[in-house]
Amino acid sequence: MKLRVLVIVMFAMFSLPVAVHAQTSDADDVKLIFDEALRNGKSYEWLRYLTTQIGPRLSGSAGAAEAVNWAKTEMQNIADTVWLQPVMVPHWIRGSEEDAYIKGSNKKRNVAVNVCALGGSVGTGSGGITAKVIEVKSIEELSQLGSHRIKGNIVFFNRPMDVTQPRTFDAYMGAVDQRAMGPSAAARHGAVGVIVRSMGLNAEDYPHTGALRYEPDAPKIPAIAISTRHADLLSQSLKEDNGLQFYFETHCEMLSDVQSYNVIAELKGSEYPEQIIVVGGHLDSWDLGDGAHDDGAGCVQSMEVLRIYRGLGLSPKHTVRVVLFMNEENGLNGGREYALQAEQRKEQHIAAIEADEGGFTPRGFSMTASPEFRNKVIGWKPALEPYGLTDFSREGGGADIGPLSKFNIPLIGYMPDSQRYFDYHHTKEDTFDKISKRELDMGAGCMAALIGLIDKHGVN
């Protein structure tokens, strides 16, 4: 009889979901999660399929639609509930390949250069644009030159990212205003087109795309990015021949908005099901590469959080919700729609984590949060440090979760090493072969571990 009772008790223990943190230390909890991520992780194979079988996923494209269906199907195997949240997104297409060259005034042969249209740009059409080039380093310098110098010319924004910045995202933020706001600023002064130095740190032959933002008070003029190596060539050529001209031809256009979806999946909390911890990345990507680091990695790492819970038979106290946002790259409509729907449904979010800095070696987490929550996370540092998570000092969360700031909750960004990120960011080089399985699995473990600690200790 005693043996029969023992068997029944053991069966019950292993048949019911296990409480996540019952009578265990933080270090033990974190180790359990990382062991599962590193032994049985699915992030790498998920990403292989997403990038090599589906490929580019720009909002409104067939690839984006296929990715939505794939993500929904995969997460039905690891979540309690999966659903699609409709969101209207822009539908911009690049069209046929861009063409560009430098035309010297001394009748020498044209010099071809590598360019790509900026996301959202209007096209030149089949005739292209030919004009003299005015090089500037900033929007302020453009304004100082004024319309009498700019009108009828192509403006060339050529301020490099600052290579002395130890954190490459700081270098990016110090230069990206040229790409985002430069075209409208130049158009106000009568420019006919814009060339922007690519947002890369190295001398590269391939250009980096990215979104521009047309302002309503300025004409829409065509804008392209030029590779960093060819930006240097153009700058040197202008010094040697101030009469040279530049030709470029693009065939991009903005079509009507289309309906797409955020893909949402969750594990319902066992004690506080109404309290939601969000983790996610953006499912869309630019069209030049396969979106492996930006942001396929963040998406599959977020999915892996749920798989880890399932794999370990763990039941979170709070609801853990994965959101794969649509349209981060050229609109942020997915993030805004999610926050709007959460507000309208009066959902109670307690924290949000986003992964959108690539699939590299873990370094820490940035956060926009109260001093009390930051100190709480720092208190978990002994359990997290063995896995490379040492930096919790930076501000920031993520673009897609930014609209959730209205709920006054901690917004957290997974922060891997950034040194190689801008070798690939928004380029044709952002492909699956640039991904390390080990680094990808470590990142998934990091996110799952932090969620586990928040679930155990709360945010207050």
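This note goes through the helices, aromatic contacts and empty spaces of a predicted model.

1. **Helix H10.** This helix covers residues 292-312. Of its 21 residues, 18 are buried, so H10 is largely enclosed by the rest of the structure. Gly313 comes after the helix. The phi of Gly313 is positive, near 70°.

2. **Arg310.** This residue is found in H10. Arg310 is partly exposed: its relative accessible area is 41%, against the under 20% that would make a residue buried. Setting aside neighbours within four places in sequence, Arg310 is in contact with Ile78, Ala79, Asp80 and Leu267. Asn77 is also worth a look. Arg310 and Asn77 are 233 residues apart along the chain, yet their C-alpha atoms are separated by 9.5 Å.

3. **Helix H11, length.** H11 runs over residues 333-344 and has 12 residues. At 1.5 Å a residue it should span 16 Å. The end C-alpha atoms are 16 Å apart, so expectation and model agree. Just after H11, Lys346 takes a positive phi of about 55°.

4. **Helix H11, cover.** Which residues of H11 are buried? They are Asn333, Gly334, Gly335, Tyr338, Ala339 and Ala342. Their cover includes five strands, listed here with their residues:
   - E2 (81-93)
   - E11 (253-267)
   - E12 (272-282)
   - E14 (318-325)
   - E15 (348-354)

5. **Aromatic pairs.** The structure holds 14 aromatic pairs. One of them joins Phe169 and Phe422. The ring centres are 5.1 Å apart and the planes stand at 70°. Planes over 60 degrees apart count as edge-to-face, so this pair is edge-to-face. Phe169 lies in helix H7 and Phe422 in helix H14 (residues 421-424), so the pair ties together parts that are 253 residues apart in sequence. Phe169 and Phe422 are both buried.

6. **Aromatic cluster.** Phe169 and Phe422 also belong to one aromatic cluster. The other members are Tyr172, Phe360, Tyr421 and Tyr424. Tyr172 turns up again at the largest pocket, as one of the residues nearest its centre.

7. **Largest pocket, size and centre.** Its volume is about 930 Å³. The lining counts 35 residues. Nearest the centre lie Tyr172, Met173, Glu328, Asp356 and Ala399.

8. **Largest pocket, lining.** Which element supplies the largest share of the lining? Helix H7 does, with four residues. H7 (168-173), helix H8 (177-188) and strand E17 (411-416) each supply at least two lining residues. By class, the lining divides into 13 nonpolar, 10 polar and 12 charged residues.

9. **Cavities.** Rolling a probe the size of a water molecule over the atoms shows where empty space is left. How many cavities of 30 Å³ or more does the model contain? The count is two. About 60 Å³ of space lies in the largest cavity.

10. **Largest cavity, lining.** One stretch of its lining consists of Ser285, Trp286, Asp287, Leu288 and Gly289. Gly291, Asp294 and Glu329 line the cavity too. His426, Thr427 and Asp430 complete the list. The lining divides into two nonpolar, five polar and four charged residues. Asp294 links this cavity to point 1, since it falls within the residue range of H10, 292-312.

Definitions and conventions
Residues are numbered from 1 along each chain as its sequence is written. This is a predicted model: local features need pLDDT of at least 70, side-chain atom pairs count only at pLDDT 80 or more; totals for chains, interfaces and linings use all residues. Side-chain values use heavy atoms; hydrogens and water are left out. Buried means under 20% relative accessible area, exposed over 50%, partly exposed in between (1.4 Å probe, protein chains only). On a 1 Å grid over the protein atoms alone, a cavity is a set of points where a 1.4 Å probe fits but cannot get out, and a pocket is an open set with protein on both sides within 12 Å along at least five of seven lines; lining residues have an atom within 4 Å of a point. Grid points are joined across faces, edges and corners, and a volume is the space filled by probe spheres set on the points. Ala, Val, Leu, Ile, Met, Phe, Trp, Tyr, Cys and Pro count as nonpolar, Asp, Glu, Lys and Arg as charged, and the others, Gly among them, as polar. The expected span of a helix is 1.5 Å times one less than its number of residues. Contact means heavy atoms within 4.5 Å. Rings of Phe, Tyr and Trp (its six-membered ring) pair if their centres lie within 6.5 Å; planes under 30 degrees apart count as stacked, over 60 as edge-to-face and the rest as tilted.
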